[in-house]
Amino acid sequence: MTLLAKYYVPGLAVEDHSIKVPLDWRDSDPGKGFAGESLSLFYRVVTAPEHVHDDLPLLVFLQGGPGGAGPRPLNPSSDGWIAEAIKHFRIVLPDQRGTGRSSCVDSNVMGNIEGAHRQAEYLKAFLAGSIVRDFEHLRRTEFGGRKWVTLGQSYGGFLTLAYLSLYPEGLSASFTMGGIPHIPANAREVYEHTFPRMVQKTHLYYRRYPQDVDRVAAVADKLSARKGKAAITLPNGDPLSVERLQTLGRDFGMQPGPERLHWLMDTAFTAGDGSAKSRSPLSDRFLESVMETTSSNALYWPLQEFIYADGELEEPIGWAAQQVRDEHPEFDARHRPLLFTGEAVFPWMFEQEKALRPFKAAVEELMGDTRFGKIYDTTQLKRNEVPLQAAVYFDDLYVDSGMQLDMLSRVGNSHAWVTNEYQHDGLFVGPDVFDHLYRQALDRGDLKGLR
């Protein structure tokens, strides 16, 4: 292994590593040599201090996203699940290509690539097929080909089904949380389920905090009155539009998302008693919080709809979320009470957000494309023998539970635990979700082959 550093954080022994992987896997196979342009793949190995010298089974974490880096644990409990997992496993935490300390993709990288087509082709190299091949290459070269267990959170569930399709021989078992994609994958179908759910979530938020109906409306009215050169701006210079304000609803799928939004809105006005009747400017604290909450990593929005692209598409994705939003006039920025949007990408983001503008031409190119790498093999999934245990959150805002269960019914040796006790981030709120799935798999004998 290419060891970069060894150290401890409270309760965890940590090793930092990095290896090279090809930018383009089309002419290479995991575990073998390759030529051409390469990327760095960074990963951490995390172990309980008392197990540093023990021969524990390996568990690799498939991070959510797209464009999500691996966890940076502060201690065993800071990410919820790690405290329980280190009792049984040596944990591998990769930074997926393009994120964290792996070769990163941001506005600077995109700005150095000439032409929308070349930029689009470059972004295609950061989707699930390449990510899974990176991890399989890592397993074969740095861990001696030893089988490992995968733990997929959100988009990590998409990666799990891709891994089970492409390299099931590398896995001894898989766990997923809130992330089983419906296959055939269809971005529009996803948003047809999630936009109505955002209506419900918004009304639930307003019922819980009725004072926020007027407060949100007052902020939206103020933003509507200030457009163009007179627009209210965020600390980074981006204009704060009503549409961007609406994206704060993305947090409704997490715990405690509604409470976070309520307290954010509580700071919107500073004059008098800070109520919605105030005619004061929006507070610096509020604008700072909105900027931080609505910003994301560089690949999250550019790749958002292309995680549903599998092989040769019958028709381009073509801004699926915007298509569905246009069919729901209740999401208009002038509608009151103002409705919030969820995990959805819109064309205006690549005009209003400085960090996304360098991606605009490439994303427009991809929105009209139909040629993507094939990642799912439904025949292989049907005959799958790798034990798959999936937590399906009944009220999941981002990945419809009904669609997850339908897909799991077509994956061999899969088992679903359906619960309404957690939101989409249930894995991170404590050790219980991972512990529940682990115990279920253990009781069925699905983990008897671990070593």
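**Exercise 1. Determine which residue of E2 stands opposite Ala5, and place this pair in the sheet.**

*Solution.* Ala5 stands opposite Asp16 in E2. The model under study is predicted.

Step 1. Consider the two strands. E1 and strand E2, the latter spanning residues 12-22, run antiparallel and are joined by six bridges.

Step 2. Extend the view to the sheet. Its nine strands follow the order E1-E2-E3-E5-E4-E6-E7-E8-E9, the pairing is mixed, and the sheet is open. Strand E1 (3-9) and strand E9 (414-419) each have a single partner strand and stand at the edges, so one side of each lacks a neighbour in the sheet. From one strand to the next, the twist averages 20°.

Step 3. Add the helix. Helix H4 (residues 128-142) packs on the sheet, where it touches E2, strand E3 (38-47), strand E4 (58-62), strand E5 (90-94) and strand E6 (148-153). The direction of H4 makes about 110° with that of E2.

**Exercise 2. Establish which parts of the chain the salt bridge between Glu84 and Arg439 ties together.**

*Solution.* Step 1. Identify the contact. The side chains of Glu84 and Arg439 form a salt bridge with an N to O distance of 3.7 Å; the whole structure holds 29 salt bridges.

Step 2. Locate the partners. Glu84 belongs to helix H1 (residues 82-85) and Arg439 to helix H17 (residues 432-444), so the pair links parts that are 355 residues apart in sequence.

Step 3. Assess exposure. Glu84 has a relative accessible area of 6%, so this residue is buried, the cut-off being under 20%. Arg439, at 36%, is partly exposed.

**Exercise 3. Classify the partners of the salt bridges Arg371–Asp369 and Arg410–Asp406 as buried, partly exposed or exposed.**

*Solution.* Step 1. In the pair of Arg371 and Asp369, the N to O distance is 3.6 Å. Arg371 is partly exposed at 42% relative accessibility, whereas Asp369 is buried at 9%.

Step 2. In the pair of Arg410 and Asp406, the closest N and O atoms are 2.8 Å apart. Arg410 is partly exposed, at 32%, and Asp406 is partly exposed, at 34%.

Step 3. Elsewhere, salt bridges with shared partners join Glu84, Lys87, Asp435 and Arg439 into one network.

**Exercise 4. State where Pro256 lies and how far its C-alpha atom is from that of Gln423.**

*Solution.* Step 1. Pro256 is found in the loop between helix H8 (242-246) and helix H9 (257-265).

Step 2. Its relative accessible area is 41%, which makes Pro256 partly exposed.

Step 3. The C-alpha atoms of Pro256 and Gln423 are separated by 9.0 Å, although the two residues are 167 residues apart along the chain.

Note on methods. Residues are numbered from 1 along each chain as its sequence is written. This is a predicted model: local features need pLDDT of at least 70, side-chain atom pairs count only at pLDDT 80 or more; totals for chains, interfaces and linings use all residues. Side-chain values use heavy atoms; hydrogens and water are left out. Two strands pair if DSSP finds at least two bridges between them. Helices (H or I, at least four residues) and strands (E, at least two) are DSSP runs, numbered from the N terminus. Axes are lines fitted to C-alpha atoms, for helices over the stretch in contact, and angles run from 0 to 180 degrees between N-to-C directions. Contact means heavy atoms within 4.5 Å. Buried means under 20% relative accessible area, exposed over 50%, partly exposed in between (1.4 Å probe, protein chains only). A salt bridge is a side-chain nitrogen of Lys or Arg within 4 Å of a carboxyl oxygen of Asp or Glu.
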